[in-house]
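Thank you for sending this entry; my remarks follow as numbered points, to be read beside the sequence and the coordinates.

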Amino acid sequence: MTQSATPDIAAGRLRADDLAANFDDVKPPLDRKKALIESSRCYFCHDAPCVEACPTSIDVPNFIRMINTGNTLGAAEEILDANILGGMCARVCPTEILCEDKCVRNTSEDKPVNIGMLQRYAVDHLLQSNHRPFARQKPTGKRVAVVGGGPAGLSCAHALAIHGHDVTIFEARPKLGGLNEYGIAAYKTVNDFAQKEVQFILSIGGISAKTGQALGRDVTLDQLRKDFDAVFLGFGLAGVNALGLADEDKLSGVEDAVAYIADLRQAADKSKLKVGRKVVVIGGGNTAIDISVQTKRLGAEDVTLVYRRGPEHMSATWHEQEFAQVNGVKLKHWARPIRLLGHNGAIKEVEFERTALDDRGQLVGTGETYSILCDQVFKAIGQKLVKDPVNGKARESLDLHGGKIAVNEERKTSLGNVWAGGDCIASGIDLTVQSVEDGKVAARSIDRYLRGK
Amino acid sequence: MADLRSNFIGIKSPNPFWLASAPPTDKEYNVVRAFKAGWGGVVWKTLGENPPVVNVSSRYGALHSADQRMIGFNNIELITDRPLEVNLREIKQVKRDWPDRAVVVSLMVPCTEEAWKGILPLVEETGADGVELNFGCPHGMSERGMGSAVGQVPEYVGMVAKWCKQYTRMPVIVKLTPNVTDVRKPARAAKEGGADAVSLINTINSITSIDLDIMAPTPTVDGKGTHGGYCGPAVKPIAMHMVADIARDKDTFGLPISAIGGIANWRDAAEFIALSAGTVQVCTAAMHYGFRIVDDMISGLANWMDGKGYKTIEDFRGKAVPNVTDWQFLNINYKSIARIDQDKCIKCGLCHIACEDTSHQAIAAQRVDGKRRYEVIDAECVGCNLCNHVCPVPDCISMVAVETGKPYLNWTQDPRNPMRKAAE
Ligand SMILES: Cc1cc2nc3c(=O)[nH]c(=O)nc-3n(C[C@H](O)[C@H](O)[C@H](O)COP(=O)(O)OP(=O)(O)OC[C@H]3O[C@@H](n4cnc5c(N)ncnc54)[C@H](O)[C@@H]3O)c2cc1C
Ligand SMILES: Cc1cc2nc3c(=O)[nH]c(=O)nc-3n(C[C@H](O)[C@H](O)[C@H](O)COP(=O)(O)O)c2cc1C
Ligand code: SF4
Ligand code: SF4
Ligand code: SF4
């Protein structure tokens, strides 16, 4: 077998119009006619199971009924009252395991009401209008610091601003939005929607954003706790898990999926992004699916996703797995990487060992191996909390649980005036919609605290 | 295979499905398409004297169900706006080309003997099978002393029917307006006047909606609107009641009826026939979906009849009439209660909330192992049927009879009735 001496990683693999089509809206919005037909399918259930399945408890039957009566603004208000990022959630929620999974229409006809698309229809309608449904209550003079401008931080900040508190967001990156801006697959949120939503949220007033300000580098938790009446931590998971293989950091072409996606999301011109001809992705979550599909859509010829367990163990939903397959990604299961082989400092081959479950249900290597030739490898095996900023040199340190911040029901941490929510807490659910809920719940608790103070 | 042939007051047609007098029957072109599609007969769009009427724009309003289907329809159109001789020429041609189909001609002329005496021979000359007197149109024509202005006065109905019987040998059908308090009165008058049959209902006075931007009723004509005639699925219950009233009235018992109003499929047709209708007429459903709907009407009725062992229409015609009674004769000792088929139930909770909020608190919302379960509380259920109607799953809730051990007792006999007749 002959091999090219240099790895084949190149930009501009596809024509501009193909690229544009590949990164266009993956689920085009409903028009009025479709929204009317789809909304008519909702039975307006009592004690609706879909509401129970939504982490933010949006009153689904009520908002769908409002769409059907032509009260689209009312529908959007109903959604945003429960979930201020209802527009993004409508685009990114894995509805197949949330609200739509519980829709009673699954029982009768295996086809749920398309709740996500209806939610998007209503919220987009409101955002495109000049209707602004929220107003601030009388200023309280209380000040809250929010660390991290992602879904959790934005949700918390908005709810606090409504209650009349003054909020300052400290965000390490140049733009607000968190993974909405830097992480979600490009075709799920087109036309700069993340920033439009951020603008809508900030338009309530009372929220100032300090971007480029990182906790641990530019400010400390001790200082924030002193300067502000309360602090909310919503800084997500800034660290990535490593494969733990030799040369992982030395070989070129071995990349972190989340960082690559961030570049992709920020790229003004996607034809400038370099992508391998043969790509290997390691991981089994949504990040793994997203990097696979996006590299494929950038023009990679072969993309192989390798996961150490079976399809049913992947944290990517069946819907996401199917989406990857439809996009031509090859999914391989029951194998783990054991060696990265390079040539002239660049990745050339990944060796895998087949895995299985032993008698006690533990994952073990079988000793049998195979390898895949490649030009580029993406690590997508999860992110982790960077503890330094909070516990580095702080006087009092936060309790952690399973490597994440420990909180109670109200999202209160072990520290007096500090709350936390989103991916950085130990909830076990790393979803946009769950982060929004965390921010909302925390804000309620912070408000009570500030009023009692 | 069931025999669907119909012989209605001597007018024969291969099936009992006729198109009602309305736009679908306004021209040879439409009627030929209808006959090609399989319709058994037509009542030609109402003819009047020359000069023809003039129509406005626009003309129709509608009520939609949540899934955007038209369930009620309303119009402010008048009778045919084409010259009399054009219509007569086309009727003659169609009857010649389609001798096996029923062609009835609808008429509306001023309420004078000369007017009716003048037009009837012209129609007779076309070879048409009969005439239908349009005493029903609720708008535009009534202001001119025609249509429902005649139909609402029983004496006029009888008088015109009599003139018609006098001046033509053709069968005469009187089309009744529902815009009266008691439809039996004009029906009796029609019978006394010698009419061979009645047809009903014509359209109901209505305003379908207000355009909230321009603050005017729809359909809107240059910023204004007016009441129009209501029809379509929404009017079927009203038509059924009126047909049943005539079918069981002792004075009109046996008077042939051509039923009209909201008929859209074979089942609607069968229901009207069970209430004694000899033929059924359709307008809105054809205007909504086109003539093709007759396929379902023909095969659906035939298959249902085969299943029931009815060989001809006559075998089941009028069979439901004896079971239509007055409230006071219903068995007060009968009891039914709701039953939920848990395997079919999709746990939408609609039955519970309907009963809980608005009725008898007879459906319990439970959680069994965290799963929703809706269960009828037998002791509280009065058998009202509300849950059954709101349940979105077919045959999920049924009303079952409960043995009470009590004999038949109606309100006239009930001791709780202060005005009951003395016991025999
Ligand atoms: C590639 C990818 C795809 C995903 N796709 C989906 C999806 O389709 N659907 C879905 O529901 N979920 C998806 N998720 C998960 C979802 O994005 C997260 O659950 C959600 O964004 C978490 O919100 P958050 O506010 O907790 O954190 P983040 O969105 O991560 O926001 C945290 C913010 O804090 C900032 N920050 C970090 N450290 C500091 C510091 N020291 N000081 C100041 N600021 C700091 C970050 O820059 C960031 O802006 C995806 C995640 C990834 C990685
Ligand atoms: C647009 C329109 C025009 C009508 N014109 C007449 C008419 O000229 N003569 C008549 O007797 N009935 C007329 N009707 C009434 C219909 O013949 C019929 O009685 C009524 O629509 C009820 O039937 P449906 O529910 O099937 O539509 C008209 C109805 C409609 C919708
Ligand atoms: S926020 Fe997400 S889970 Fe909740 S109703 Fe909307 S789409 Fe469904
Ligand atoms: S479960 Fe389905 S049908 Fe019922 S309210 Fe929710 S979306 Fe509507
Ligand atoms: S209305 Fe029907 S489907 Fe819904 S909960 Fe009641 S019985 Fe079940």
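1. Two strands are taken to pair if DSSP finds at least two bridges between them. On that criterion, β12(A) and strand β13 (residues 346-357) of chain A pair in the antiparallel sense, over eight bridges. Within this pairing, Arg336(A) has Glu353(A) of β13(A) as its bridge partner. Please keep in mind throughout that the model is predicted.

2. This pairing belongs to an open sheet of three strands in chain A, ordered β12-β13-β14, in which the pairing is antiparallel. Because β12 (335-343) and β14 (363-373) of chain A each have a single partner strand, they stand at the edges, and one side of each is left without a neighbour in the sheet. From one strand to the next, the twist averages 25°.

3. A parallel arrangement appears elsewhere in chain A, where strand β2 (residues 143-147) of chain A pairs with β3(A) in the parallel sense over five bridges. Arg143(A) stands opposite Asp166(A), a residue of β3(A). Between β2(A) and β3(A) the chain passes through helix α10 (residues 151-162) of chain A, and the resulting β-α-β crossover is right-handed.

4. Strand β3(A) also pairs with strand β4 (residues 207-211) of chain A, again in the parallel sense and over five bridges; here Ile169(A) stands opposite Ala209(A) of β4(A). How many of the six residues of strand β3 (residues 166-171) of chain A are buried? Five of the six are, and the strand is accordingly described as mostly covered.

5. The surroundings of ligand 3 are drawn from chain A and include Cys54(A), Cys89(A), Cys93(A) and Cys99(A), together with Ile58(A), Leu98(A) and Val433(A). Asn83(A), Thr95(A) and Gln119(A) are also among the residues around ligand 3. By class, the shell of ligand 3 divides into seven nonpolar residues, three polar ones and no charged ones.

6. Around ligand 5 there are 13 residues, of which Cys345(B), Cys348(B), Gly349(B), Cys351(B) and Cys391(B) come nearest. The shell of ligand 5 is made up of eleven nonpolar residues, one polar residue and one charged residue.

7. For chain B, the domain assignment gives domain 1 (6-323) and domain 2 (327-402). The C-alpha centres of domain 1 of chain B and domain 2 of chain B are 40 Å apart.

8. Two cis peptide bonds in chain B deserve a look during review. One joins Asn50(B) and Pro51(B), with omega about -10°, and Pro51(B) is found in the loop between β4 (41-47) and β5 (60-64) of chain B. Another joins Thr218(B) and Pro219(B), with omega about -5°, and Pro219(B) lies in the loop between β13 (216-218) and β14 (228-231) of chain B.

9. Positive phi values should be checked as well. Asn385(B), although not a glycine, has a positive phi of about 90°, and it lies in the loop between β19 (371-376) and α12 (386-390) of chain B. Asp395(B) is likewise not a glycine and has a positive phi of about 60°; this residue is found in the loop between α12 and β20 (397-402) of chain B.

10. Which of the classes buried, partly exposed or exposed applies to Asn385(B)? At 22% relative accessibility, Asn385(B) counts as partly exposed, since buried would require a value under 20%. Asp395(B), with a relative accessible area of 62%, is exposed, the cut-off for that class being over 50%.

How values were computed:
Residues are numbered from 1 along each chain as its sequence is written. Chains are lettered from A and ligands numbered from 1 in the order in which they are written. This is a predicted model: local features need pLDDT of at least 70, side-chain atom pairs count only at pLDDT 80 or more; totals for chains, interfaces and linings use all residues. Side-chain values use heavy atoms; hydrogens and water are left out. A residue is near a molecule or strand if one of its heavy atoms lies within 4 Å of it. Ala, Val, Leu, Ile, Met, Phe, Trp, Tyr, Cys and Pro count as nonpolar, Asp, Glu, Lys and Arg as charged, and the others, Gly among them, as polar. Buried means under 20% relative accessible area, exposed over 50%, partly exposed in between (1.4 Å probe, protein chains only). Helices (H or I, at least four residues) and strands (E, at least two) are DSSP runs, numbered from the N terminus. A crossover is right-handed if, with the strands pointing away from the viewer, the path from the first strand over the helix to the second runs clockwise. Axes are lines fitted to C-alpha atoms, for helices over the stretch in contact, and angles run from 0 to 180 degrees between N-to-C directions. Domain bounds come from an automatic or database domain assignment.
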